[in-house]
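Here is a relaxed walk through a structure you may be meeting for the first time. Have a look at it, then read on.

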Amino acid sequence: MATQYGVQLAVHLISSHFGNLVAKVCDCLLRKGTLTLASVIRFTELPPQQVKSCILVLIQHNCVQAFAIQQEVGFGEAPRVVTQYMALFHNILHRMRFAKFLAIVSEELDKECEEILEGLLQHGRLTLEQILDRAKSNQSEGEPVVQDALRESFLKLVRAHFVERCPASEPFLAPPSEEETPARKRGAKSAKLVEEPQTIEQRAIAAAAPMDAKRFSVIINTGTDVDDSPNVTAGEKRKQDALELDKETGASCEKDVLWRANFEEFVRCLRHKACIANVKTRLDDGAAIVLSAMLEATRSEEKKVKTENSVPLSMDTIFEGVMKSEAGRSMTLERVRGSLIQLGCAPCVRGAAESYSVDLKNIIELAQNDEVESITLKRYGRDAYRIFRLLSKSCRLLETDKISDTTFVEKKDTAKILYQLWKDEYLQMEKLNLHGSRQSQFLLWKVTKDTLWGHVLNEMYHSALNLSLRVAYELEQEQEIIQLPREKRVGALGNRFERLRKVRILLESSLMKLDDAIMLFNDF
Amino acid sequence: MHLMRWSNVCKDENMEVWKLEDTRPLIGHYKANGCGGMSRSQGSSLKRKRPDTNTASQPLLDAERVLYDLIRSKEDMGIWTRDMKRETNLPDNVVTKSLKALQVKKLIKEVVNIQSKGRKHYMAVEFEPSKELTGGAWYVEGNLDTEYIKILKKTCVRVLSKLKVATAEGISESINKTGLCATECSTQQIAEILRALVLDNEIMEVRSSGSGEFSSIPIGAVCYRCTNKGGLGGGGPTIGAMASIPCGVCPRITQCTPDGIISPKTCAYYTKWLDF
């Protein structure tokens, strides 16, 4: 969700990484929406060549997607195709969390894989040849780069879906009228079943994305097809034939294939981590181990990041997964069953076997509630916390006195707290006038999650921006100290350096923790 | 618990015989010391010395009589001064003077109406204010009895920590049996306290599965257990990401801008937070 401060944070990130000119172009696309080159030039008032270069940088780093669209023209004129550019808000924000992506690869794979990923994150997109060349130029003396080992590390990354083929640079979107006609012909009833029409941006992303079979497919120079798609056996012969035909051109085509970090997979991993952490705190270690085993076993089968329920698994598979982990080895089958009950998994019978699935959407919602309630407690106090939780759980309008009675807060204090929460956009308020023997007015209150979540997310973006700006400010203030050689950082100067070190640790770790909360509301 | 209403049966020069004439259900909060030291026995005659100021026999002026009868007729609901003036059509100064006299004669008392604390509300001395006036079991003298509520909350958490999982009835029984509280509490009162503890995130509400730790509780029954964060170990909710930084709790966040008067560079809360 690109809120006011979301846009400011995104522009700040681009400015820190690529400078003010690129940031200005990015700002224009984020605020004005999808534009042609001519429009960007007009709005930014920058020279055309500079705008082009800035857009290319943003495309290179997966922050902008181009697409071609047929423009409506006057009668008698030939249709014109124009190129438009859209900013990719989520990808821009991912730049804040590259360190987390690297940590995932370091934990799950190895150092070589981490270095390859680092290169892809630094450069946005690279061919395999460029990846190998980069590794060669980074090598230390006496440590020759082994090409085969590097290719193997690269393949590991692709197999794990951490790296993917880049999308098409400028897909053509067919005019919408041709696509809408079949839906109209189907009639009123079936039209209701048709999903909400996609925006042009959603259509562009879908059109640019490589086909599932190709997305994680690597063809290396030996002609061996390393394919991660599900129907590899059936298609292998056909692919071999295709390879023969394309023998001359195929190798050079594959050499030009650009690869990039697959943000979707990293977000999925972080979502799983967040669910496991929440379950560990809210329930216990056993439940966290069982959930972790289930998610690890089914990660590659999840169709989308925001999947509501985990992929169903049989008890045997779950138990097998639990046994694989060191912490789970001591768990009995009975304990695993108990944990599944705690997780709210009701067994579902598919065929002859029972299978279990966890409601991930519910876990995410509970984590979101915890975060907002924590803000309420810290900002407004314990009485307000109780009142907010009552309204949040009720999901309906409640009258002031009823709130006071249930939460054991004095009536006048209740009214004050409710008014403050309403003023800060945490609550909605409605007035009810009753005309009886005497006219009375009642105030009713409610938490509306959609509105509140958007408001909280905007405040989080604002806070993240503030943390980043403060880090930059502190570094600027102590510029001289940073540039001093170590031996001169003694006495008062040494103290200042030490303070700066602690300040950076506190601010940057707070930013990373806050980013977890941003992902909870924005990405999970 | 019953309301006692005393009436004069006979009198002689030195003695009065008082007989319990009527009883009415009392709604309200009783503490261990009961209501004004009066005996709670029913249907017994008591002999007591005639007090020096024989209030019942003191003659009342006409205005006083009218007001006293009106106030008595409102029983445990009492009546606001403005309503008295409207119903009796007596002038303001007469009402004020009469009410003072009736209070001196200990026939009426002023009570707090929780719905409108600023209004003067009067009641005959023999009645106890109704729940509508007092606010119920949790109010004393028009204010929430926070101390009592706090004690009950702590007691419930302590009991639940021992029982691991229990219904409201189970907790109420345990508290009343072991005499952990000076006054006996109804299951309804305990349920209200438990609901507040759920809102405090000290305990959580669960449904009985009928097996394991729920084996003594019918399937589907609402019961409670301590949260991981709550219980005797103390805690309550964990601190979230936003609550851990100055911006998350800042009262000026809406006025803060990157280059404004209030900004992250000039922020006093940040300066304090980073003061190592």
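## Two lysines in loops

K164(B) sits in the loop that links α5 and β9 of chain B. Helices here are DSSP runs of H or I with at least four residues, strands are runs of E with at least two, and both are numbered from the N terminus. The phi angle of K164(B) is near 70 degrees, which is a positive value in a residue that isn't glycine. K164(B) has a relative accessibility of 55%, so it counts as exposed. The cut-offs, with a 1.4 Å probe and protein chains only, are under 20% relative accessible area for buried, over 50% for exposed, and partly exposed in between.

K106(B) can be described in the same way. Its phi is near 55 degrees, again positive without being a glycine. You'll find K106(B) in the loop between α3 (92-104) and β5 (108-111) of chain B, and it is exposed at a relative accessible area of 60%.

## How the model was made and how sure it is

This is a predicted model, in which local features need pLDDT of at least 70 and side-chain atom pairs count only at pLDDT 80 or more, while totals for chains, interfaces and linings use all residues. Residues are numbered from 1 along each chain as its sequence is written, chains are lettered from A and ligands numbered from 1 in the order in which they are written, and side-chain values use heavy atoms, with hydrogens and water left out.

The model scores ipTM 0.80 and pTM 0.79. For chain B, the mean pLDDT (the predictor's confidence in each residue, from 0 to 100) is 76, and 74% of the residues reach 70 or more. Among the elements of chain B, strand β2 (residues 15-25) has the lowest mean, 38, and helix α8 (residues 268-273) has the highest, 93. Residues 1-56 of chain B stay under 50 in pLDDT, and the model gives them 97 contacts beyond four places in sequence. A contact means heavy atoms within 4.5 Å. Residues 230-235 of chain B are also below 50, with 11 contacts in the model beyond near neighbours in sequence.

## Chain B in outline

Chain B has 8 helices and 11 strands. Of its 276 residues, 42% count as buried. Its accessible surface comes to about 15,600 Å², and 52% of that belongs to carbon and sulfur atoms; the areas come from the Shrake-Rupley method with a 1.4 Å probe, and for residues only the protein chains shown count as cover.

Three strands of chain B make an open sheet in the order β9-β11-β10, with antiparallel pairing. Strands pair if DSSP finds at least two bridges between them. At the edges are β9 (165-166) and β10 (203-207) of chain B, each with a single partner strand, so one side of each has no neighbour in the sheet. Helix α5 (residues 146-163) of chain B lies across β9, β10 and β11, running at about 95 degrees to β11(B).

## Chain A's mixed sheet

Which order do the 4 strands of the open sheet in chain A take? They run β1-β3-β2-β5, and the pairing is mixed. β1 (35-36) and β5 (172-173) of chain A stand at the edges with a single partner strand each, so each has one side without a neighbour in the sheet.

The table lists strand pairs from both sheets, each with residues that stand opposite one another.

| Strand pair | Sense and bridges | Residues opposite |
|---|---|---|
| β1(A) and β3(A) | antiparallel, 2 bridges | T36(A) and Q84(A) |
| β2(A) and β3(A) | antiparallel, 8 bridges | Q70(A) and V81(A) |
| β2(A) and β5(A) | parallel, 2 bridges | I69(A) and L173(A) |
| β10(B) and β11(B) | antiparallel, 5 bridges | R207(B) and V222(B) |

## A buried leucine in chain A

L93(A) belongs to helix α5 (residues 89-94) of chain A. Is L93(A) buried or exposed? It is buried, with a relative accessible area of 0%. Leaving out residues up to four places away in sequence, L93(A) touches L9(A), A10(A), L13(A), Y461(A) and N522(A). L93(A) and L9(A) are 84 residues apart in sequence, yet 7.9 Å apart in space, C-alpha to C-alpha.

Notes
Axes are lines fitted to C-alpha atoms, for helices over the stretch in contact, and angles run from 0 to 180 degrees between N-to-C directions.
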